[in-house]
Amino acid sequence: MSKMKLFKQAEQMYLKGLSVSEISLQLDIVKRTLFYWKKKYDWDKKLQEAMYDKTQFKEDFQKFAQKLMARISNSKQQEIPISQAEYYSLVNILKLLPELKELETPNKTSPSKKELSPDFIRQIEREILGME
């Protein structure tokens, strides 16, 4: 494999949260080379920017979910018909919220898949959305 392919692969691994030691073992690259690349190409700055983007996305996504919940709640209180698309969108958004937790920090270990239980989703549908 060419050095450029290894460089790109190493950089991507670093941005996903792997340490220089882990990358060195997996790609069979000397740590000294990795530290050189890390410093010269400012991988730490790229990692920080990537984490900011993920954090901003998480905040925007949560705000959207809150606005949608408020809209559905207000419509229900005012007895305005609520479209099936809004219900469907909210349920799908709620299913994705646990995955946003994984975006907070780079994972040093493989992430455990967390999902909302069907009972919890039904409870949200009953209590928040008023669905039976």
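**Entry 1: confidence.** I began with the confidence of this predicted model. The mean pLDDT of the protein is 80, and 81% of its residues reach 70 or more. I then noted residues 106–112, where the pLDDT is below 50. In the model, this stretch still has 13 contacts beyond near neighbours in sequence. I recorded a caution for myself: where pLDDT is low, predicted coordinates should not be read in detail.

**Entry 2: overall make-up.** I looked up the secondary structure and found 6 helices and 0 strands. The order from the N terminus is therefore written α-α-α-α-α-α. The protein has 132 residues, of which 28% count as buried. I noted an accessible surface of about 9700 Å², with 54% of it belonging to carbon and sulfur atoms. I also looked at contacts between residues at least 6 apart in sequence: 56% of them join residues at least 24 apart.

**Entry 3: helix α1.** I turned to α1, which covers residues 3–15. This helix has 13 residues and reaches 18 Å from its first C-alpha to its last, close to the 18 Å expected at 1.5 Å a residue. Which residues of α1 are buried? I listed Leu6, Phe7, Ala10, Glu11, Met13, Tyr14 and Leu15. Just after the helix, Gly17 takes a positive phi of about 110°.

**Entry 4: the nonpolar cores.** I searched for nonpolar cores, and the largest has 15 residues. Those with the most contacts inside this core are Ala10, Ile23, Leu27, Leu34, Trp37 and Trp43. Each of α1, α2, α3 and α4 supplies at least two residues. The largest share, 6 residues, comes from α1. I followed Leu27 further: leaving aside residues up to four places away in sequence, Leu27 touches Leu6, Gln9, Ala10 and Met13. I also found a second, separate core of 10 residues, which includes Leu90, Ile93, Leu94 and Ile124.

**Entry 5: aromatic rings.** My search of the whole structure gave 4 aromatic pairs. One of them is Phe7 with Trp37, an edge-to-face pair at 5.3 Å centre to centre, with 90° between the planes. This pair links distant parts of the chain, since Phe7 is in helix α1 and Trp37 in helix α3, 30 residues apart. Both Phe7 and Trp37 are buried.

I then examined Phe7 and Trp43. Their ring centres are 5.9 Å apart and their planes stand at 45°, so I entered the pair as tilted. Phe7 lies in helix α1 and Trp43 in helix α4, so this pair ties together parts 36 residues apart in sequence. For burial, I noted a relative accessible area of 9% for Phe7 and 0% for Trp43. Finally, I recorded that Phe7, Tyr14, Trp37, Tyr41 and Trp43 form one aromatic cluster.

**Entry 6: two backbone angles.** I looked for residues with a positive phi that are not glycine. Most residues other than glycine have a negative phi. Asp42 has a positive phi of about 50°, and its place is the loop between α3 (31–40) and α4 (43–77). Is Asp42 buried, partly exposed or exposed? Its relative accessibility is 37%, so Asp42 counts as partly exposed.

Glu79 has a positive phi of about 55° and is likewise not a glycine. I located Glu79 in the loop between α4 and α5 (84–101). The relative accessible area of Glu79 is 74%, so I entered this residue as exposed.

Technical notes: Residues numbered from 1 in each chain as written. Predicted model: local features only at pLDDT ≥ 70, side-chain atom pairs only at ≥ 80, totals over all residues. Heavy atoms only, no water. Helix = DSSP H or I, 4+ residues; strand = E, 2+ residues; numbered from the N terminus. Buried < 20%, exposed > 50% of the residue type's maximum accessible area, 1.4 Å probe, protein only. Contact = heavy atoms within 4.5 Å. Areas by Shrake-Rupley, 256 points an atom, 1.4 Å probe, with all protein chains shown as cover. pLDDT = per-residue confidence, 0-100. Core = buried A, V, L, I, M, F, W, Y, C linked by side-chain atoms within 4.5 Å. Expected span 1.5 Å × (residues − 1). Phe/Tyr/Trp six-rings, centres within 6.5 Å; stacked < 30°, edge-to-face > 60°.
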